[in-house]
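Hi,

Here is the structure I promised to pass on, with my notes underneath. Have it open while you read, and shout if anything is unclear.

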Amino acid sequence: MAVIPKTANLTKSTAGILNAIRYGIGGEYYAGVPKAEDTTASIRAVGEAILAFQSRQNAFVSALMNRIAFEVIKSKQYENPWAMFKRGYLEYGETIEEIFVNLCKVRGFNPQASPSRVFQRNIPSVSSAFHSMNVQCEYPTTIGEEQLRQAFLSLNGVTTLIAGIVTSMYTAMNYDEFNLMKYLIARLALDGKIPVETIDAPSATTSAGIVTKIKTVANNFEFMSDEYNIAGVKNFVQKSDQYVLEQTDLNAIIDVNVLATSFNMEKAEFMGHIVTFDSFGNIDTDRIAQILENDTSFVPFTATELGYLSKIRAIVCAKDFFMIYDNLQKMTENYNGDGLAWNYFLHKWQTLSASPFENITLFTDLSSAVSSVAIDQSALTVSVAGATRFTATVTTTGFASKEVEWSLTAGTGTLNDYISVDQYGIVTVKTGATDGTYTLKATSLADSTKYD
(Lines give C-alpha, C1' and ligand atoms only; values in the text may rest on other atoms or scores of the structure.)
Protein backbone atom coordinates (compact mmCIF):
# COMPACT_ATOMS: atom_id res chain seq x y z
CA MET A 1 0.00 0.00 0.00
CA ALA A 2 1.31 3.44 -0.94
CA VAL A 3 2.22 5.81 1.89
CA ILE A 4 2.43 9.61 1.61
CA PRO A 5 5.48 10.78 3.61
CA LYS A 6 4.79 13.35 6.29
CA THR A 7 6.08 16.83 5.64
CA ALA A 8 9.14 17.72 7.71
CA ASN A 9 10.58 21.21 7.85
CA LEU A 10 14.05 22.14 9.03
CA THR A 11 13.28 24.45 11.96
CA LYS A 12 16.22 23.88 14.30
CA SER A 13 19.10 26.31 14.65
CA THR A 14 22.68 25.32 13.93
CA ALA A 15 23.22 24.57 17.64
CA GLY A 16 20.06 22.47 17.72
CA ILE A 17 21.20 20.44 14.71
CA LEU A 18 24.67 19.89 16.16
CA ASN A 19 23.22 18.71 19.46
CA ALA A 20 20.69 16.43 17.77
CA ILE A 21 23.55 14.79 15.86
CA ARG A 22 25.65 14.56 19.04
CA TYR A 23 22.90 12.78 20.96
CA GLY A 24 22.06 10.59 17.98
CA ILE A 25 25.59 9.30 17.42
CA GLY A 26 26.52 8.88 21.10
CA GLY A 27 29.61 6.97 22.18
CA GLU A 28 33.06 8.49 21.66
CA TYR A 29 31.57 11.26 19.47
CA TYR A 30 29.23 12.34 22.29
CA ALA A 31 32.06 12.28 24.80
CA GLY A 32 34.56 14.14 22.63
CA VAL A 33 32.30 16.81 21.08
CA PRO A 34 30.99 19.53 23.43
CA LYS A 35 27.37 20.61 23.59
CA ALA A 36 26.68 23.48 21.21
CA GLU A 37 25.35 26.87 22.29
CA ASP A 38 23.92 29.64 20.12
CA THR A 39 27.21 31.55 19.98
CA THR A 40 29.87 31.72 17.29
CA ALA A 41 32.57 30.70 19.77
CA SER A 42 30.64 27.59 20.81
CA ILE A 43 29.96 26.57 17.19
CA ARG A 44 33.66 26.93 16.39
CA ALA A 45 34.60 24.84 19.42
CA VAL A 46 32.27 22.07 18.25
CA GLY A 47 33.81 22.31 14.77
CA GLU A 48 37.34 22.02 16.12
CA ALA A 49 36.40 18.89 18.08
CA ILE A 50 34.75 17.29 15.04
CA LEU A 51 37.53 18.21 12.61
CA ALA A 52 40.24 16.89 14.99
CA PHE A 53 39.52 13.26 14.09
CA GLN A 54 38.61 11.65 10.75
CA SER A 55 36.21 9.23 12.45
CA ARG A 56 34.25 12.15 13.95
CA GLN A 57 34.15 13.92 10.58
CA ASN A 58 32.78 10.78 8.93
CA ALA A 59 30.17 10.28 11.65
CA PHE A 60 29.10 13.94 11.53
CA VAL A 61 28.76 14.15 7.74
CA SER A 62 26.91 10.82 7.61
CA ALA A 63 24.44 11.96 10.27
CA LEU A 64 24.09 15.38 8.64
CA MET A 65 23.13 13.82 5.31
CA ASN A 66 21.15 10.80 6.39
CA ARG A 67 19.35 12.15 9.47
CA ILE A 68 18.91 15.81 8.64
CA ALA A 69 19.26 16.69 4.95
CA PHE A 70 17.71 13.48 3.61
CA GLU A 71 14.60 13.88 5.77
CA VAL A 72 14.05 17.36 4.36
CA ILE A 73 14.54 16.06 0.82
CA LYS A 74 12.17 13.16 1.43
CA SER A 75 9.34 15.47 2.42
CA LYS A 76 9.95 18.20 -0.12
CA GLN A 77 9.87 15.85 -3.10
CA TYR A 78 6.08 16.22 -2.99
CA GLU A 79 6.26 19.86 -3.96
CA ASN A 80 6.74 19.52 -7.71
CA PRO A 81 4.08 21.46 -9.71
CA TRP A 82 2.02 18.32 -10.36
CA ALA A 83 2.71 16.61 -7.03
CA MET A 84 -1.00 16.26 -6.25
CA PHE A 85 -1.18 13.44 -8.83
CA LYS A 86 1.37 11.24 -7.07
CA ARG A 87 0.09 8.14 -5.24
CA GLY A 88 2.77 7.93 -2.55
CA TYR A 89 5.68 5.73 -1.49
CA LEU A 90 5.34 2.06 -2.43
CA GLU A 91 7.36 0.32 0.23
CA TYR A 92 6.97 -3.23 -1.09
CA GLY A 93 6.91 -4.61 -4.61
CA GLU A 94 7.79 -3.15 -7.97
CA THR A 95 4.55 -3.81 -9.89
CA ILE A 96 1.01 -2.53 -9.40
CA GLU A 97 -1.94 -4.35 -10.95
CA GLU A 98 -4.78 -1.99 -11.77
CA ILE A 99 -8.13 -3.77 -12.06
CA PHE A 100 -11.19 -2.36 -13.80
CA VAL A 101 -14.55 -4.14 -13.65
CA ASN A 102 -16.70 -3.35 -16.68
CA LEU A 103 -20.46 -2.83 -16.59
CA CYS A 104 -22.47 -5.87 -15.60
CA LYS A 105 -24.44 -7.56 -18.37
CA VAL A 106 -28.19 -6.98 -18.50
CA ARG A 107 -31.11 -9.05 -19.75
CA GLY A 108 -34.86 -8.87 -19.68
CA PHE A 109 -36.84 -10.67 -17.00
CA ASN A 110 -38.20 -14.01 -18.29
CA PRO A 111 -40.12 -16.19 -15.78
CA GLN A 112 -40.17 -19.12 -18.18
CA ALA A 113 -36.39 -19.13 -18.61
CA SER A 114 -35.50 -18.41 -14.99
CA PRO A 115 -35.31 -22.07 -13.77
CA SER A 116 -32.66 -22.88 -16.36
CA ARG A 117 -30.76 -19.64 -15.72
CA VAL A 118 -30.55 -19.90 -11.92
CA PHE A 119 -27.31 -21.88 -11.94
CA GLN A 120 -25.72 -20.27 -14.97
CA ARG A 121 -22.38 -18.62 -14.31
CA ASN A 122 -22.30 -14.89 -15.13
CA ILE A 123 -18.65 -13.98 -14.93
CA PRO A 124 -18.03 -10.22 -14.81
CA SER A 125 -15.90 -8.61 -17.50
CA VAL A 126 -12.66 -7.61 -15.80
CA SER A 127 -9.76 -5.71 -17.37
CA SER A 128 -6.37 -5.18 -15.82
CA ALA A 129 -3.24 -3.14 -16.45
CA PHE A 130 0.18 -3.65 -14.91
CA HIS A 131 2.40 -0.71 -13.96
CA SER A 132 6.04 -1.54 -13.21
CA MET A 133 8.95 0.44 -11.85
CA ASN A 134 10.51 2.11 -14.89
CA VAL A 135 12.62 5.01 -13.59
CA GLN A 136 15.91 4.53 -11.75
CA CYS A 137 18.26 7.46 -11.37
CA GLU A 138 20.76 8.87 -8.91
CA TYR A 139 21.79 12.34 -7.78
CA PRO A 140 25.46 12.69 -6.77
CA THR A 141 26.88 15.42 -4.56
CA THR A 142 30.24 16.00 -2.89
CA ILE A 143 31.03 17.62 0.45
CA GLY A 144 34.65 18.69 0.72
CA GLU A 145 36.58 19.09 3.98
CA GLU A 146 37.01 22.78 3.23
CA GLN A 147 33.22 23.17 2.97
CA LEU A 148 32.90 21.43 6.32
CA ARG A 149 35.44 23.76 7.94
CA GLN A 150 33.63 26.83 6.60
CA ALA A 151 30.35 25.57 8.08
CA PHE A 152 31.67 26.08 11.63
CA LEU A 153 32.77 29.70 11.17
CA SER A 154 29.34 31.25 11.74
CA LEU A 155 26.09 30.64 13.59
CA ASN A 156 24.26 29.73 10.39
CA GLY A 157 27.07 27.85 8.71
CA VAL A 158 25.69 24.32 9.18
CA THR A 159 22.13 25.27 8.18
CA THR A 160 23.54 27.04 5.11
CA LEU A 161 25.46 23.88 4.19
CA ILE A 162 22.34 21.75 4.56
CA ALA A 163 20.29 24.22 2.53
CA GLY A 164 22.84 24.06 -0.28
CA ILE A 165 22.79 20.27 -0.34
CA VAL A 166 19.01 20.07 -0.16
CA THR A 167 18.44 22.74 -2.80
CA SER A 168 20.76 21.01 -5.27
CA MET A 169 19.26 17.54 -4.92
CA TYR A 170 15.68 18.52 -4.20
CA THR A 171 15.44 20.97 -7.10
CA ALA A 172 16.90 18.42 -9.51
CA MET A 173 14.49 15.69 -8.40
CA ASN A 174 11.45 17.93 -8.70
CA TYR A 175 12.55 19.29 -12.05
CA ASP A 176 13.15 15.80 -13.46
CA GLU A 177 9.93 14.40 -12.03
CA PHE A 178 7.89 17.21 -13.61
CA ASN A 179 9.60 16.67 -16.97
CA LEU A 180 8.98 12.92 -16.81
CA MET A 181 5.28 13.50 -16.12
CA LYS A 182 5.11 15.83 -19.13
CA TYR A 183 6.99 13.23 -21.22
CA LEU A 184 4.45 10.58 -20.21
CA ILE A 185 1.51 12.63 -21.49
CA ALA A 186 3.42 13.89 -24.52
CA ARG A 187 4.31 10.42 -25.75
CA LEU A 188 0.73 9.19 -25.26
CA ALA A 189 -0.55 12.23 -27.17
CA LEU A 190 1.86 11.76 -30.07
CA ASP A 191 0.95 8.07 -30.26
CA GLY A 192 -2.69 9.08 -30.67
CA LYS A 193 -3.78 7.46 -27.41
CA ILE A 194 -5.43 10.51 -25.81
CA PRO A 195 -8.83 11.78 -27.05
CA VAL A 196 -8.49 15.19 -28.70
CA GLU A 197 -10.70 18.27 -28.93
CA THR A 198 -9.75 20.96 -31.45
CA ILE A 199 -10.02 24.58 -30.30
CA ASP A 200 -9.15 27.98 -31.74
CA ALA A 201 -5.76 29.53 -31.03
CA PRO A 202 -5.96 31.15 -27.56
CA SER A 203 -6.77 34.86 -27.55
CA ALA A 204 -9.07 37.28 -25.78
CA THR A 205 -11.69 36.86 -28.51
CA THR A 206 -11.58 33.04 -28.61
CA SER A 207 -11.39 32.40 -24.84
CA ALA A 208 -15.19 32.09 -24.45
CA GLY A 209 -15.37 29.39 -27.11
CA ILE A 210 -12.44 27.51 -25.54
CA VAL A 211 -14.09 27.62 -22.12
CA THR A 212 -17.30 26.27 -23.65
CA LYS A 213 -15.44 23.27 -25.09
CA ILE A 214 -13.67 22.56 -21.80
CA LYS A 215 -16.97 22.83 -19.92
CA THR A 216 -18.64 20.46 -22.38
CA VAL A 217 -16.00 17.77 -21.96
CA ALA A 218 -15.98 18.22 -18.16
CA ASN A 219 -19.76 17.81 -18.14
CA ASN A 220 -19.57 14.74 -20.38
CA PHE A 221 -17.02 13.16 -18.04
CA GLU A 222 -19.80 12.79 -15.45
CA PHE A 223 -21.76 10.44 -17.70
CA MET A 224 -20.87 6.85 -18.58
CA SER A 225 -18.89 6.86 -21.83
CA ASP A 226 -16.18 4.88 -23.60
CA GLU A 227 -14.94 7.91 -25.61
CA TYR A 228 -12.62 9.51 -23.10
CA ASN A 229 -10.08 6.87 -22.00
CA ILE A 230 -7.29 4.88 -23.62
CA ALA A 231 -8.87 1.46 -23.06
CA GLY A 232 -12.25 2.46 -24.48
CA VAL A 233 -14.18 1.23 -21.41
CA LYS A 234 -17.31 2.85 -20.04
CA ASN A 235 -16.32 5.08 -17.16
CA PHE A 236 -17.20 8.41 -15.56
CA VAL A 237 -15.54 11.04 -13.37
CA GLN A 238 -17.31 13.39 -11.00
CA LYS A 239 -16.36 17.07 -11.16
CA SER A 240 -14.74 16.88 -7.73
CA ASP A 241 -12.23 14.37 -9.12
CA GLN A 242 -11.48 16.26 -12.33
CA TYR A 243 -8.44 18.46 -12.91
CA VAL A 244 -7.84 21.09 -15.59
CA LEU A 245 -4.23 21.39 -16.79
CA GLU A 246 -3.72 24.70 -18.60
CA GLN A 247 -0.87 26.17 -20.56
CA THR A 248 0.17 29.38 -18.81
CA ASP A 249 -0.81 31.67 -21.70
CA LEU A 250 -4.29 30.10 -21.88
CA ASN A 251 -4.65 30.34 -18.12
CA ALA A 252 -3.92 34.06 -18.34
CA ILE A 253 -6.85 34.79 -20.65
CA ILE A 254 -9.52 32.37 -19.40
CA ASP A 255 -12.14 33.70 -17.03
CA VAL A 256 -11.73 31.37 -14.06
CA ASN A 257 -15.09 32.43 -12.63
CA VAL A 258 -16.87 31.18 -15.74
CA LEU A 259 -15.03 27.85 -15.65
CA ALA A 260 -15.60 27.44 -11.90
CA THR A 261 -19.34 27.77 -12.48
CA SER A 262 -19.35 24.67 -14.68
CA PHE A 263 -17.70 22.74 -11.85
CA ASN A 264 -20.27 24.02 -9.35
CA MET A 265 -17.45 25.38 -7.19
CA GLU A 266 -16.49 28.72 -5.74
CA LYS A 267 -13.47 30.27 -7.44
CA ALA A 268 -11.23 29.71 -4.41
CA GLU A 269 -12.14 26.03 -4.27
CA PHE A 270 -11.87 25.54 -8.03
CA MET A 271 -8.38 27.03 -8.12
CA GLY A 272 -7.20 23.86 -6.39
CA HIS A 273 -8.34 21.93 -9.46
CA ILE A 274 -6.35 24.03 -11.95
CA VAL A 275 -2.79 22.96 -12.69
CA THR A 276 -0.60 24.97 -15.04
CA PHE A 277 2.30 24.03 -17.30
CA ASP A 278 4.67 26.17 -19.34
CA SER A 279 4.63 24.18 -22.59
CA PHE A 280 4.90 20.56 -23.60
CA GLY A 281 7.32 21.80 -26.23
CA ASN A 282 9.71 22.85 -23.43
CA ILE A 283 10.43 19.35 -22.14
CA ASP A 284 14.09 18.98 -21.12
CA THR A 285 14.88 16.15 -23.52
CA ASP A 286 18.57 16.01 -22.58
CA ARG A 287 17.91 15.17 -18.92
CA ILE A 288 15.13 12.72 -19.80
CA ALA A 289 17.48 10.95 -22.21
CA GLN A 290 20.04 10.63 -19.41
CA ILE A 291 17.47 9.25 -16.97
CA LEU A 292 16.01 6.77 -19.47
CA GLU A 293 19.24 5.85 -21.24
CA ASN A 294 18.76 2.15 -20.36
CA ASP A 295 15.05 2.08 -21.21
CA THR A 296 14.58 0.41 -24.60
CA SER A 297 11.11 1.93 -24.93
CA PHE A 298 12.42 5.50 -24.71
CA VAL A 299 11.82 7.47 -27.92
CA PRO A 300 13.39 10.96 -28.23
CA PHE A 301 11.25 13.75 -29.62
CA THR A 302 11.88 15.12 -33.10
CA ALA A 303 11.79 18.85 -33.79
CA THR A 304 8.45 18.36 -35.58
CA GLU A 305 7.00 16.54 -32.57
CA LEU A 306 8.11 19.30 -30.19
CA GLY A 307 6.31 21.74 -32.47
CA TYR A 308 3.14 19.66 -32.19
CA LEU A 309 3.48 19.43 -28.42
CA SER A 310 3.74 23.20 -28.04
CA LYS A 311 0.17 23.35 -29.36
CA ILE A 312 -1.30 21.43 -26.41
CA ARG A 313 -3.24 24.19 -24.66
CA ALA A 314 -5.19 22.35 -21.98
CA ILE A 315 -6.01 18.90 -20.61
CA VAL A 316 -8.95 17.71 -18.55
CA CYS A 317 -8.31 14.47 -16.69
CA ALA A 318 -9.31 12.36 -13.73
CA LYS A 319 -7.02 12.74 -10.74
CA ASP A 320 -6.43 8.99 -10.85
CA PHE A 321 -5.19 9.07 -14.45
CA PHE A 322 -1.59 9.24 -13.24
CA MET A 323 -0.11 6.04 -11.78
CA ILE A 324 3.00 7.44 -10.12
CA TYR A 325 4.65 5.83 -7.11
CA ASP A 326 8.02 6.25 -5.44
CA ASN A 327 9.61 2.82 -5.04
CA LEU A 328 12.92 3.64 -3.40
CA GLN A 329 14.86 6.53 -1.96
CA LYS A 330 18.24 5.64 -0.55
CA MET A 331 21.40 7.59 0.21
CA THR A 332 24.75 5.88 -0.21
CA GLU A 333 28.15 7.37 0.64
CA ASN A 334 31.89 6.89 0.50
CA TYR A 335 34.85 8.95 1.66
CA ASN A 336 37.40 9.87 -0.99
CA GLY A 337 40.66 10.11 0.91
CA ASP A 338 42.56 11.24 -2.16
CA GLY A 339 40.22 14.18 -2.70
CA LEU A 340 39.50 14.87 0.99
CA ALA A 341 35.77 14.75 0.33
CA TRP A 342 32.63 12.73 0.93
CA ASN A 343 30.68 11.55 -2.11
CA TYR A 344 26.94 11.03 -1.67
CA PHE A 345 24.50 9.42 -4.08
CA LEU A 346 20.76 9.81 -3.65
CA HIS A 347 19.02 7.00 -5.52
CA LYS A 348 15.44 7.49 -6.62
CA TRP A 349 13.35 4.76 -8.21
CA GLN A 350 9.82 5.33 -9.46
CA THR A 351 6.85 3.79 -11.20
CA LEU A 352 5.71 6.38 -13.72
CA SER A 353 2.70 5.33 -15.76
CA ALA A 354 -0.87 6.21 -16.70
CA SER A 355 -4.18 4.43 -16.22
CA PRO A 356 -5.79 3.27 -19.48
CA PHE A 357 -9.19 3.26 -17.75
CA GLU A 358 -9.37 6.82 -16.36
CA ASN A 359 -10.74 9.71 -18.42
CA ILE A 360 -8.55 12.30 -20.14
CA THR A 361 -8.92 14.71 -23.08
CA LEU A 362 -6.46 17.22 -24.51
CA PHE A 363 -7.33 20.52 -26.22
CA THR A 364 -5.23 21.83 -29.08
CA ASP A 365 -5.40 24.35 -31.91
CA LEU A 366 -3.32 21.98 -34.06
CA SER A 367 -5.05 20.17 -36.91
CA SER A 368 -4.52 16.41 -36.70
CA ALA A 369 -4.95 14.06 -39.64
CA VAL A 370 -4.27 10.53 -40.85
CA SER A 371 -2.04 10.44 -43.92
CA SER A 372 -2.03 6.72 -44.70
CA VAL A 373 -2.55 3.19 -43.41
CA ALA A 374 -0.30 0.29 -44.40
CA ILE A 375 -0.56 -3.33 -43.28
CA ASP A 376 2.99 -4.36 -42.46
CA GLN A 377 2.75 -7.89 -43.90
CA SER A 378 2.21 -8.80 -47.55
CA ALA A 379 0.07 -11.69 -48.83
CA LEU A 380 0.78 -14.89 -46.91
CA THR A 381 -0.72 -18.26 -46.10
CA VAL A 382 -2.44 -18.89 -42.78
CA SER A 383 -2.66 -22.54 -41.75
CA VAL A 384 -5.79 -24.25 -40.52
CA ALA A 385 -5.93 -24.50 -36.70
CA GLY A 386 -3.49 -21.61 -36.51
CA ALA A 387 -3.43 -17.90 -35.80
CA THR A 388 -1.36 -15.07 -37.23
CA ARG A 389 -1.13 -11.51 -35.95
CA PHE A 390 -1.05 -8.68 -38.45
CA THR A 391 0.05 -5.12 -37.67
CA ALA A 392 -0.62 -1.84 -39.43
CA THR A 393 1.40 1.35 -39.54
CA VAL A 394 -0.74 4.49 -39.41
CA THR A 395 1.06 7.66 -40.50
CA THR A 396 -0.39 10.79 -38.91
CA THR A 397 0.18 14.45 -38.25
CA GLY A 398 -0.59 16.04 -34.91
CA PHE A 399 -2.32 13.86 -32.34
CA ALA A 400 -4.56 11.70 -34.56
CA SER A 401 -5.30 8.19 -33.35
CA LYS A 402 -3.12 5.42 -34.76
CA GLU A 403 -5.73 2.75 -34.02
CA VAL A 404 -7.36 0.72 -36.79
CA GLU A 405 -10.43 -1.46 -37.19
CA TRP A 406 -9.75 -4.88 -38.69
CA SER A 407 -12.17 -6.69 -41.02
CA LEU A 408 -12.20 -9.70 -43.35
CA THR A 409 -13.93 -10.25 -46.69
CA ALA A 410 -13.96 -13.41 -48.79
CA GLY A 411 -12.32 -13.70 -52.20
CA THR A 412 -12.38 -17.26 -53.52
CA GLY A 413 -13.04 -18.64 -50.05
CA THR A 414 -16.17 -18.61 -47.88
CA LEU A 415 -16.45 -16.32 -44.90
CA ASN A 416 -17.94 -18.10 -41.87
CA ASP A 417 -17.37 -18.69 -38.16
CA TYR A 418 -14.26 -20.75 -38.89
CA ILE A 419 -12.18 -17.75 -39.92
CA SER A 420 -12.11 -14.43 -38.08
CA VAL A 421 -10.03 -11.40 -37.13
CA ASP A 422 -10.16 -9.69 -33.74
CA GLN A 423 -9.56 -6.09 -32.70
CA TYR A 424 -5.84 -6.75 -32.35
CA GLY A 425 -5.38 -7.96 -35.94
CA ILE A 426 -5.11 -11.64 -35.02
CA VAL A 427 -6.49 -13.84 -37.80
CA THR A 428 -7.69 -17.21 -36.46
CA VAL A 429 -8.47 -20.15 -38.76
CA LYS A 430 -10.34 -23.11 -37.29
CA THR A 431 -10.74 -26.62 -38.69
CA GLY A 432 -13.60 -26.46 -41.19
CA ALA A 433 -12.53 -23.20 -42.80
CA THR A 434 -12.75 -23.09 -46.58
CA ASP A 435 -9.46 -22.89 -48.47
CA GLY A 436 -9.19 -19.81 -50.63
CA THR A 437 -8.19 -16.17 -50.64
CA TYR A 438 -9.45 -13.58 -48.19
CA THR A 439 -8.90 -9.85 -47.95
CA LEU A 440 -7.80 -8.38 -44.64
CA LYS A 441 -8.58 -4.68 -44.24
CA ALA A 442 -7.24 -2.19 -41.70
CA THR A 443 -9.30 1.01 -41.52
CA SER A 444 -8.25 4.09 -39.56
CA LEU A 445 -10.56 4.78 -36.62
CA ALA A 446 -9.83 8.49 -36.93
CA ASP A 447 -10.51 8.67 -40.70
CA SER A 448 -12.48 5.88 -42.35
CA THR A 449 -11.34 7.04 -45.80
CA LYS A 450 -7.82 5.86 -44.99
CA TYR A 451 -7.29 2.08 -45.09
CA ASP A 452 -5.14 -0.71 -46.52
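Asp365 and Arg313 pair up through their side chains in a salt bridge, with 2.7 Å from N to O. The two come from distant parts of the chain: Asp365 sits in the loop between β12 (360-364) and β13 (369-375), while Arg313 belongs to strand β9, 52 residues away. Both Asp365 and Arg313 are buried. Before going further, bear in mind that this is a predicted model.

Arg313 has a second partner, too. Asp249 also forms a salt bridge with Arg313, and here the closest N and O atoms are 3.7 Å apart. Asp249 is in helix α9 (residues 248-253) and Arg313 in strand β9 (residues 312-318), so this pair ties together parts that lie 64 residues apart in sequence. Are the two ends of this bridge buried or exposed? Asp249 is partly exposed, at 37% relative accessible area. Arg313, on the other hand, has a relative accessibility of 10% and therefore counts as buried, since the cut-off for that is under 20%.

A quick reminder of the chemistry: side chains of opposite charge can pair when their charged atoms come close. How many salt bridges turn up in the whole structure? The search finds 13.

Another one to look at joins Lys86 and Glu177, whose side chains meet at 2.7 Å, N to O. This is again a link between distant parts of the chain, with Lys86 in the loop between α4 (54-76) and β2 (88-90) and Glu177 in helix α7, 91 residues apart. Lys86 is buried, as is Glu177. The pair also belongs to something wider: Lys86, Glu177, Asp326 and Lys348 are linked in a network of salt bridges.

Now for the rings. Searching the whole structure gives 16 aromatic pairs. One of them is Trp82 with Phe178, an edge-to-face pair with 5.1 Å between the centres and 85 degrees between the planes. Trp82 is in the loop between α4 and β2 and Phe178 is in helix α7, so the pair ties together parts 96 residues apart in sequence. Trp82 is buried, with a relative accessible area of 0%, and Phe178 is buried as well, at 11%.

Phe321 and Phe322 make another pair. Their ring centres are 5.4 Å apart and their planes stand at 80 degrees, so this pair is edge-to-face. Phe321 and Phe322 are both buried. Which residues do the ring pairs join into a cluster? The members are Trp82, Phe85, Phe178, Tyr243, Phe277, Phe280, Phe321 and Phe322.

Last, some helix packing. The axes of helix α1 (residues 14-25) and helix α7 (residues 157-190) come within 7 Å and cross at roughly 80 degrees. That angle makes α1 roughly perpendicular to α7. On the α1 side, the contact is made by Thr14, Ile17 and Leu18, and on the α7 side by Gly157, Val158, Thr159 and Ile162. Sorted by type, the residues in this contact are four nonpolar, three polar and no charged.

If you only have a few minutes, start at Arg313, with its salt bridges to Asp365 and Asp249. Then go to helix α7, where you will find both Glu177 and Phe178.

Cheers

Technical notes:
Residues numbered from 1 in each chain as written. Predicted model: local features only at pLDDT ≥ 70, side-chain atom pairs only at ≥ 80, totals over all residues. Heavy atoms only, no water. Axes fitted to C-alpha atoms, helices over the stretch in contact; angles between N-to-C directions. Helix = DSSP H or I, 4+ residues; strand = E, 2+ residues; numbered from the N terminus. Parallel < 35°, antiparallel > 145°, perpendicular 65-115°, else oblique. Contact = heavy atoms within 4.5 Å. Nonpolar A, V, L, I, M, F, W, Y, C, P; charged D, E, K, R; others polar. Salt bridge = Lys/Arg side-chain N within 4 Å of Asp/Glu carboxyl O. Buried < 20%, exposed > 50% of the residue type's maximum accessible area, 1.4 Å probe, protein only. Phe/Tyr/Trp six-rings, centres within 6.5 Å; stacked < 30°, edge-to-face > 60°.
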